[in-house]
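Good morning, and thank you for joining this session. I would like to speak about aromatic rings and how they pair.

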Amino acid sequence: MTSTLSTSPSFLPTPSIEPPQPPFSGNGDPSSLIRHDLPDIDQTELLSVSWNQDYGCFAAGTSRGFRIYNCQPFKETFRRDLKSGGFKIVEMLFRCNILALVGGGSNSQYPPNKVIIWDDHQSRCIGEFAFRSDVRAVKLRRDRIVVVLEHKIYVYSFMDLKLLHQIETLANPRGLCCLSHHANTSVLACPGLHRGQVRVEHFGLNVMKLINAHDSHIACLTLTLDGLLLATASTRGTLVRIFNTMDGTRLQEVRRGVDRADIYSIALSPNVQWLAVSSDKGTVHIFNLRVRVFGEDSSSQPSSVQGPALFHQNSSTSLDSLISPSTGANPGSSLSFMRGVLPKYFSSEWSFAQFHLPEDTQFIAAFGSQNTVIVVGMDASFYRCSFDPVHGGEMIQQEYVRFLKTDSRPR
């Protein structure tokens, strides 16, 4: 494994492209990025889709390069079309011009075992990491670069690319790993060394916690923005469990279904009130979380600063304070008084709202504003749908776009 802080010339061609514009900030207009007038290239293959850290944008890695899309309003804000191949991993850093790129596709000249840190404002590579095996995932936060291989995770400083941590994992072909994104917490979650186990690193506190989350292998996991709550699903795909990452306590369990399913994504709303799950069954399920947030009334507080009320991170002695009284919003929760009698099947809570999609297409879901869910599919589809926060039920589709076929670029 090697890493370099590069000052080499730009590796992506720039001739027919307007000069780069200044990077946009998290509060800026993403349309201020480079605007291309290159025509769509026929038979462009979609290789990957991934959200940025605040779910306001997503990146599409293609066989011809990559594209960045803004979610609300939906539009393409940025693209690079290449003749020399594409990227299977495109990881954004919030809404700035720094991207992590990993090559992919049958005709790509960019190797799948190398991570390129690309500054599109300067149109050049500012760093790269090469490994002996293929890169499975890359995760970014403002001070860290995390590279996930099948059996190992490397954590680097963003400032000087120095290696800070190495973490051994069980075989991790999906590249499972997630980070917190609040400035005052530095949390990483990944598979442990045993089946069904999740390893949680609280780097700022120098604390590591092992959570035995499931009996089967971990299939999907996610953290709240502050890293204090963890949601997991296994390869069985029937249950999603929510844990306190400080002491490993299981706080809630929700049920996607009774049949085995491949879980594609888990999303937690910023105010920790809702959880969304997508799977190969063609349904996005929304669950009502019963984990308290600061201020009690999540609707009256800025969602971006809320987190679970861990009471100075000592919830092991006060679990009742972490879990809100059941409101009955998720079907099944009204049976909680019989939990000592009914089998486990009945004690887990069922979904509150649902949205139906084509089966066997991989979709990743996230929460938008005002009780909306945004969904992006590997068939190059974008959906926005809304749910009733009181009555739930079937969600209402508000928007649908085929983003590789529609010219949604700003003019």
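Let me begin with phenylalanine 355, which is buried, with a relative accessible area of 4%. I should say at once that the model before you is predicted. The partner to consider is tyrosine 383, also a buried residue, at a relative accessible area of 8%. How are these two rings arranged? The centres of phenylalanine 355 and tyrosine 383 lie 5.8 Å apart and their planes stand at 70 degrees, so this pair is edge-to-face. Phenylalanine 355 belongs to strand β26 and tyrosine 383 to strand β29, so the contact joins distant parts of the chain, 28 residues apart.

Let me now widen the view. Across the whole structure, a search finds 20 aromatic pairs. One of them brings together phenylalanine 58 and phenylalanine 403: with ring centres 5.2 Å apart and planes at 70 degrees, the pair is edge-to-face, because edge-to-face applies to planes over 60 degrees apart. Where do these two residues lie? Phenylalanine 58 is in strand β3, residues 57–62, whereas phenylalanine 403 is in the segment after β31, so the pair ties together parts that are 345 residues apart in sequence. Are they buried or exposed? Phenylalanine 58 has 1% relative accessibility and counts as buried; phenylalanine 403, at 0%, counts as buried too.

Both residues also belong to a cluster linked by ring pairs, together with Trp51, Tyr55, Tyr69, Phe74 and Phe382.

I close with a contact of another kind. Arginine 142 lies over the face of phenylalanine 94, 3.8 Å from the ring centre.

Note on methods:
Residues numbered from 1 in each chain as written. Predicted model: local features only at pLDDT ≥ 70, side-chain atom pairs only at ≥ 80, totals over all residues. Heavy atoms only, no water. Phe/Tyr/Trp six-rings, centres within 6.5 Å; stacked < 30°, edge-to-face > 60°. Helix = DSSP H or I, 4+ residues; strand = E, 2+ residues; numbered from the N terminus. Buried < 20%, exposed > 50% of the residue type's maximum accessible area, 1.4 Å probe, protein only. Lys NZ or Arg CZ within 6 Å of the ring centre and 35° of its normal.
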